[in-house]
Amino acid sequence: MRIPVLLFLLQLSVQGFSQNGVLIGNIRDKLSQEALIGATIILEGTNIGAATDLEGNFRIESIPPKSYNIKASYLGYLSQTKFNIIITNGNAAVLNFELESDKTELDEVVIKENKSIKIASVETPLSIQNLSSEEIKSNPGGNFDISRVVQALPGVGGTAGTVGGFRNDLIIRGGGPGENVFFLDGVEIPVINHFATQGAAGGPTGILNVSFIEDATLATSAFGAKYDNALSSVLQFKQRDGNPSEFQGNFRLSGTEAALTTEGPLGKKTTFLASARRSYLQFLFDAIDLPIRPNYWDFQYKITHKINSKTTLTAIGVGAIDEFSFALPREATPENLYVLSSNPNINQWNYTQGFTLKRLVENGYWNLTFSRNMFDNRLDQFSDNFNADQQDESKRTLGVESQEIENKLRFEVNRFKGPWKWSYGAITQYVKYNINAFTLIQRELRDETGGLIRPAISSQFNSAIDFWRYGAFGQLNRTFLNKRLALSFGLRFDGNTFTKSGNGVLNTLSPRLSASYALAPKWKINASLGRYFRLPIYTGLGYRDEAGTLVNRDLSYIKSDHYVAGIEFLPNSSLRFTAEGFFKKYDAYLVGQRTGLSIANQGGNFGIIGNEPLRSSGAGEAYGFELFAQQKLTKNLFVTGSYTFFYSRFDNGDGRLVPSAWDNRHLFSIILGRKFKNNWEMGLKWRFQGGAPFTPFDEAASIANFSTFGVGILDPSRTNTERLGNFSQFDFRLDKKWNFKSTTFDLFLDVQNAFVQKNPAFPQFTLRRNANNTDFLTTDNRPLRPDGSNGIPLVLKNDDPVVVPTIGFIFEF
């Protein structure tokens, strides 16, 4: 028995030291997208390299598995280095480069050294950050979730005040979570999170598979004119192509989910990527006796077909199925019972499907993209929320069945000549939105003799709308003074056929201007100003009153003006420092006539927002500064740090600016990664957010309505007048890889909130219960009255520490 075991261990030892890593990819001209023939690719610190073929492709084999910085060079072009590229025996690494021509020295053609850490472009010279695939995968506490990872970037916060800070709402420079847009390979993808809040974009966990992602780029201002509907950020995800020569894949299993990804050739000119993921959070939450049961699937694919050397057709798809239900906890604590009554049952599914035809032309290229996305959302909420499928309808407080459907056609042309670069294009989309909604506003109340004290008040309507949206843009860039000065001017307009002023495109003219000047080879000053618009949310546009009238057709586009200036210092190709100041001014923000609150303060909870009469009377502002430092992988160490100080203030249509729900004031994060011998890697992350403002409860209204809603009623006259304590969290991650002959096994440990820190969340209003939590205590020792007048109010502090340890593995084959 011992001999076979020893032979097996010896085989693992021999395989573990095999050198079977493969690197494949492509090198192109950034502006023309033409292949660069004979470009060189080098693994820094080694003599391993290759040159590109007639199609700009390269392939390097027999690479010792570990992390490398990889450099691409070509005569007359700025060289480019990509950092922390992990080579394994299990999967070939796919890496693509786009090099910039450097024609400033006309009499001399040499290889120019590029500041490879530089991310900015002429149209977006500041307020832009980039994350590589490996930075996303190895992020401590990120759990392979792109939406969560970007919260460590400057100016980016999460939804403070939720338990453990667990949601993926992106709060960018004090703007709300519904102010961001997302693009996947040029296709807009409205929903990137499971259990998404309709009318916003956040949720507890992301949909996108990081195994597909080549990099993610976040712009927090100075958006290119081709992007519509963005007020706070544009987050672009760039996917890689599948392996063109052989089938490969990986299987990931963690404490919360299992995911399978495969890729390979479908022919000589076609590649594919495909994945499926399944959560089992419901089993984990059952084990720790939480009453919620989240359950989801998601799917993703990409097919790339090269028609000829000039033309490529790409198809992408993303979809998700979500179910969020409840179960009675084994221990009926006030906290668990509050969870049962405060959240809706959620049944959602969504998909985005897109096709892009890319054609190279003289001095440029064009893209034609057709996409369709659909979001189906069902919400059910009852006074106790248990066993929703068999509930008594008399206990219903919320019922929503809705669908959002968009069919989009985008056309974009990119050209250049000498120091000039220009782009133009147009978009049209056909929108359908339908909803069947019931909201209980006030339950009927009777006295002991059956006399009516107050009637029931509810809102119930069916609505279906459809309309067209359209827009066009142009952008012009020019460099001067031997490329020391760069200027960009963009202009776009947008319109729609639904709102009363929707076809008045002069009202949505959106100019934007950016400038960058090199003070010295390593120093640049940058500035931008721009005006941006966003169409009111569909949940508001489709709302009807009891007479069936669409009451929100007079809404205006939300407007935000940005003013940003900053400085960038690049000491070398792997080190970057930036400092920026920003000011954002908002007008025509949506304000709910029923709640009396600005939509700017909503979107951080489950459910739906904007489903009420609205008016475009809100205003706001956000301003501050941010500092950022980044050291890419150098001598086995990489570090990122950022600090943001800001104010965020909005009114409720009354002209009185008060701190918004996102006015944390301070955002600080630092990430440190260290590579060790024998394929060990450690990551550390610390995040800090200042305390979030919150609105205290109206105690009298909360008591009177508790039997209806099971939660407290906020006091709109004291909007955000109180503030939580600070949020702080330390995350830790440890990885160990074993490379065998043609497979790789990666074992990882990830711990969120490893220091077990308390993080104050929003307080929870309930009524005091007896010792075993089976009934309410009352002031007169009699059953709780329908109006709650004999109830004893209790505010739960809601600051228990939440630690999430995860152990899992990734198997590459």
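Here is a short tour of this predicted model, one selection at a time.

**Stop one: the biggest core.** Start by selecting F467 and L541. These are the residues with the most contacts inside the largest nonpolar core, which has 51 residues. Now add strand 25, residues 420–442: the strand gives this core four residues, the largest share.

Stay with F467 for a moment. Which residues does F467 touch, once its neighbours within four places in sequence are left aside? Show Q429, Y430 and V431, then N496, T497 and F498, and finally L535, Y538 and L541; F467 is in contact with each of them.

**Stop two: another core.** Next, pick V156, I172, L235 and I810. They are among the 32 residues of another core, which lies apart from the one with F467.

**Stop three: out to the surface.** Select I307, L313, F355, L368, F370, L409 and F411. Together they make a nonpolar surface patch of about 550 Å². Colour strand 23 (364–382) and strand 24 (396–417) too, as these are the elements that give two or more residues to the patch.

Zoom in on L313, which you'll find in strand 21, residues 311–326. L313 counts as partly exposed because its relative accessibility is 34%, and partly exposed covers the range between under 20% (buried) and over 50% (exposed).

**Last stop: Q729.** Jump to strand 41, residues 727–739, and highlight Q729 there. Is Q729 buried or exposed? With a relative accessibility of 5%, Q729 counts as buried. Add D731 to the view: the side chains of Q729 and D731 are joined by a polar contact of 3.0 Å.

Key:
Residues numbered from 1 in each chain as written. Predicted model: local features only at pLDDT ≥ 70, side-chain atom pairs only at ≥ 80, totals over all residues. Heavy atoms only, no water. Core = buried A, V, L, I, M, F, W, Y, C linked by side-chain atoms within 4.5 Å. Buried < 20%, exposed > 50% of the residue type's maximum accessible area, 1.4 Å probe, protein only. Contact = heavy atoms within 4.5 Å. Patch = residues over 30% accessible without salt bridge, like charges linked within 9 Å, V, L, I, M, F, W, Y side chains within 5 Å. Areas by Shrake-Rupley, 256 points an atom, 1.4 Å probe, with all protein chains shown as cover. Salt bridge = Lys/Arg side-chain N within 4 Å of Asp/Glu carboxyl O. Polar contact = N/O pair within 3.5 Å; in protein donor to acceptor, adjacent residues only side chain to side chain.
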